[in-house]
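Subject: Structure handover

Hello,

Here is the structure we talked about, with my notes below it. Please open it alongside the text.

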Amino acid sequence: MFLARLWQSMPSAVSLGFLWGVMTLGVYLTYRILDFADLTVDGSFALGGAVLARLATLGMDPFLATLLSFCAGMLAGACTGLMHTKLKIPGLLASILTQIGLYSINLHIMGKANISLNTFVAGKRTTLTMFSQFPSFGMSDKTVILVYGGIIVAIVIALLWWFLNTEIGIAVRSTGDNERMSRALGINTNAMKLLCLMLSNGLVGLSGALIAQNNAVATLDMGTGGIVFGLAAVIIGEVIFSKLFR
């Protein structure tokens, strides 16, 4: 009985893990690639959900609203990056300031503590429910959403793999490995930090938008503890895969 229930819940759990995995990839960029302690995640995650929910209530196309949530996350990362690079505020403090400031911004965007998306889900107004309208080849709704989450993660991983192997991506990696040497080689390390922080928080905002659609609700506190989840996933993933690929 227990195994049967566990098997039935697997598609939902794994699909949710895929959506949270987008946020984890953003955390990985700053924590491992850039070697930057970024606590903006909690705020930018909720920002993505808030922007999506607000635009959904205004009738905007869900795919466009999700893209704008990604852009909103990038703006949050830019705030942290500019405070760190231009105002010379330590990275940890700069990210904390942005995180705290985003609470008020998110409240202003939403207008209230939470926005329910149940009516929009029922009306096929989110990317998840619209995706389920595509040919499912006999798969259940849960399996379709699982495939949807897997496709999103695969696309994000492929784009990150491509980006990190470009000239700019290598410069970002070099900045994280040895900032002083990178600066001596003529790399604008401040620009690389800003770019990486924007990309990281953009992914976090995208994850927040997808989670809000999956849960059919966006709340002010939906990002609480996000950085802890992200760091835990990164550390556990490194331990598992480092052993598999030795």
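Serine 182 sits in helix H9. The model is predicted, so please read everything below as computed from that prediction. At 1% relative accessibility, serine 182 is buried, since the cut-off for buried is under 20%. Its side chain comes to 3.5 Å from the backbone nitrogen of threonine 175. Setting aside neighbours within four places in sequence, serine 182 has contacts with Ser174, Thr175, Ile187 and Thr189.

Stay in helix H9 for the charges. This helix covers residues 179-184. Arginine 183 and glutamate 179 form a salt bridge through their side chains, at 2.7 Å from N to O. The two are 4 residues apart in the helix, so about one helical turn separates them. Both ends can be placed by accessibility. Arginine 183 is at 44% relative accessibility and therefore counts as partly exposed. Glutamate 179 has a relative accessible area of 26%, which also makes it partly exposed.

Glutamate 179 has another partner. Lysine 193 makes a salt bridge with glutamate 179, with 3.0 Å between the closest N and O atoms. Lysine 193 belongs to helix H10 (residues 189-215) and glutamate 179 to helix H9, so this pair ties together parts that lie 14 residues apart in sequence. Lysine 193 is buried, because its relative accessible area is 11%. Through shared partners, the salt bridges join Glu179, Arg183 and Lys193 into one network.

How many salt bridges are there in total? The count is 3. Outside that network, the side chains of glutamate 238 and arginine 32 form a salt bridge, at 2.6 Å from N to O. Glutamate 238 is in helix H11 (residues 226-244) and arginine 32 is in helix H1 (residues 2-33), so the bridge ties together parts that are 206 residues apart in sequence. Glutamate 238 is partly exposed, at 26% relative accessibility. Arginine 32 is partly exposed as well, at 39%.

Now the aromatics. A pair of aromatic rings is described by the distance of the centres and the angle of the planes. The whole structure holds 2 aromatic pairs. Tryptophan 20 and phenylalanine 45 have ring centres 4.8 Å apart and planes at 15 degrees, so this pair is stacked. Tryptophan 20 lies in helix H1 and phenylalanine 45 in helix H2 (residues 41-57); the pair links distant parts of the chain, 25 residues apart. Are these residues buried, partly exposed or exposed? Tryptophan 20 is partly exposed, with a relative accessible area of 22%. Phenylalanine 45 is buried, at 1% relative accessibility.

Tryptophan 20 also pairs with phenylalanine 229. That pair is edge-to-face, with 5.9 Å from centre to centre and 85 degrees between the planes. It links tryptophan 20 in helix H1 to phenylalanine 229 in helix H11, 209 residues apart. Phenylalanine 229 is partly exposed, with a relative accessible area of 48%. Together, Trp20, Phe45 and Phe229 make one aromatic cluster.

Helices H1 and H11 therefore come up in both contexts: the salt bridge of arginine 32 with glutamate 238, and the aromatic pair of tryptophan 20 with phenylalanine 229.

Next, the surface. Val147, Ile151, Ile155 and Leu159 make a nonpolar surface patch of about 330 Å². Of these, isoleucine 151 is found in helix H7 (residues 141-164). Isoleucine 151 is partly exposed, at 38% relative accessibility.

One last spot concerns two glycines. Glycine 101 is in helix H4 (residues 91-110). At 30% relative accessibility, glycine 101 counts as partly exposed. Its C-alpha atom is separated by 8.2 Å from that of glycine 43, and the two residues are 58 apart along the chain.

For a first look, I suggest three views. Start with the network of Glu179, Arg183 and Lys193. Then turn to the cluster of Trp20, Phe45 and Phe229. Finish with the patch made by Val147, Ile151, Ile155 and Leu159.

Best regards

Key:
Residues numbered from 1 in each chain as written. Predicted model: local features only at pLDDT ≥ 70, side-chain atom pairs only at ≥ 80, totals over all residues. Heavy atoms only, no water. Salt bridge = Lys/Arg side-chain N within 4 Å of Asp/Glu carboxyl O. Buried < 20%, exposed > 50% of the residue type's maximum accessible area, 1.4 Å probe, protein only. Polar contact = N/O pair within 3.5 Å; in protein donor to acceptor, adjacent residues only side chain to side chain. Contact = heavy atoms within 4.5 Å. Phe/Tyr/Trp six-rings, centres within 6.5 Å; stacked < 30°, edge-to-face > 60°. Patch = residues over 30% accessible without salt bridge, like charges linked within 9 Å, V, L, I, M, F, W, Y side chains within 5 Å. Areas by Shrake-Rupley, 256 points an atom, 1.4 Å probe, with all protein chains shown as cover.
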